[in-house]
Amino acid sequence: MLVVAACVLPGAGGTCPERALERREEEANVVLTGTVEEILNVDPVQHTYSCKVRVWRYLKGKELVARESLLDGGNKVVISGFGDPLICDNQVSTGDTRIFFVNPAPPYMWPAHKNELMLNSSLMRITLRNLEEVEFCVE
């Protein structure tokens with residue numbers, strides 16, 4: 001019952017309102033776990049950046065990740081959208097391991113972001129509970 005509640009109730013408190021986990025999962029075409037290996041394309045004006053992420057596991061949407069998006073033998077991707085003021089928890093450092101909710105970059109963002117994934121909601125820390133909640137929502 002706790003897992004069901006976690007999927008339908010909005011995130012806990014804070015100053016940044018987050019959508020319910022179930023909605024975040026539905027809006028993301030790809031959900032994956034990974035570790036940030038490198039910070040890329042830092043925009044000093046907008047304070048946004050991209051990251052090269054080593055993918056550990058796809059929880060949803062592996063088939064939607066274009067072959068052209070895969071780097072370094074197929075286990076890394078570039079995720080853009082970090083620093084976006086419309087996303088609550090979106091800051092990472094090299095070595096951080098998180099659950100990422102992403103979508104392939106839409107054509108209007110090409111060619112600059114072609115073959116990249118775009119962050120579409122807050123990151124989640126890797127904990128057993130978080131993994132179970134996300135897996136439940138994906139199922």
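**View 1. His47 in the loop between strand 1 and strand 2.** In this predicted model, His47 sits in the loop that joins strand 1 to strand 2 (48–60). Its phi is near 60°. That is a positive value in a residue other than glycine. His47 is exposed, with a relative accessible area of 56%. Among the residues that touch His47 is Phe82.

**View 2. Asn41 in strand 1.** Strand 1 covers residues 30–43, and Asn41 belongs to this strand. Asn41 is not a glycine, yet has a positive phi of about 50°. Is Asn41 buried or exposed? Asn41 is exposed: its relative accessible area is 53%.

**View 3. The largest nonpolar core.** This core has 18 residues. Ile79, Phe82, Phe100, Val102 and Leu119 have the most contacts inside it. Five strands each supply at least two of the core residues: strand 1, strand 2, strand 3 (76–82), strand 4 (97–104) and strand 5 (117–119). Which strand gives the largest share? Strand 2 does, with 4 residues.

**View 4. The surroundings of Phe82.** Residues up to four places away in sequence are not counted here. Phe82 touches a run of residues made up of His47, Thr48, Tyr49, Ser50 and Cys51. Phe82 also touches Asn90, Val92, Phe100, Leu119 and Leu123. Phe100 and Leu119 are, like Phe82, listed among the residues with the most contacts inside the largest core.

**View 5. A second nonpolar core.** This core is separate from the largest one and has 10 residues. Among them are Ala28, Val31, Met124 and Val134. Val134 is also one of the buried residues of helix 3.

**View 6. The two sides of helix 3.** Helix 3 spans residues 128–138. Which of its residues are buried? They are Asn130, Leu131, Glu133, Val134 and Cys137. Seen down the helix axis, these buried residues fall within an arc of 165°, so they line one face of helix 3. An α-helix has 3.6 residues a turn, so residues three or four places apart point the same way. Leu128 and Arg129 are exposed on the other side of helix 3.

**View 7. Asp96 in the loop between strand 3 and strand 4.** Asp96 is found in this loop. Asp96 is buried, with a relative accessible area of 18%. What does its side chain reach at 2.8 Å? The partner is the backbone nitrogen of Ser93. Asp96 also touches Gly34, Thr35 and Val36, leaving aside residues up to four places away in sequence.

Conventions. Residues are numbered from 1 along each chain as its sequence is written. This is a predicted model: local features need pLDDT of at least 70, side-chain atom pairs count only at pLDDT 80 or more; totals for chains, interfaces and linings use all residues. Side-chain values use heavy atoms; hydrogens and water are left out. Buried means under 20% relative accessible area, exposed over 50%, partly exposed in between (1.4 Å probe, protein chains only). The arc is that of the directions from the helix axis to the C-beta atoms. A nonpolar core is a set of buried Ala, Val, Leu, Ile, Met, Phe, Trp, Tyr and Cys residues joined through side-chain atoms within 4.5 Å. Contact means heavy atoms within 4.5 Å. A polar contact is a pair of N or O atoms within 3.5 Å; within protein, one must be able to donate a hydrogen and the other to accept it, and residues adjacent in sequence count only if both atoms are side-chain atoms.
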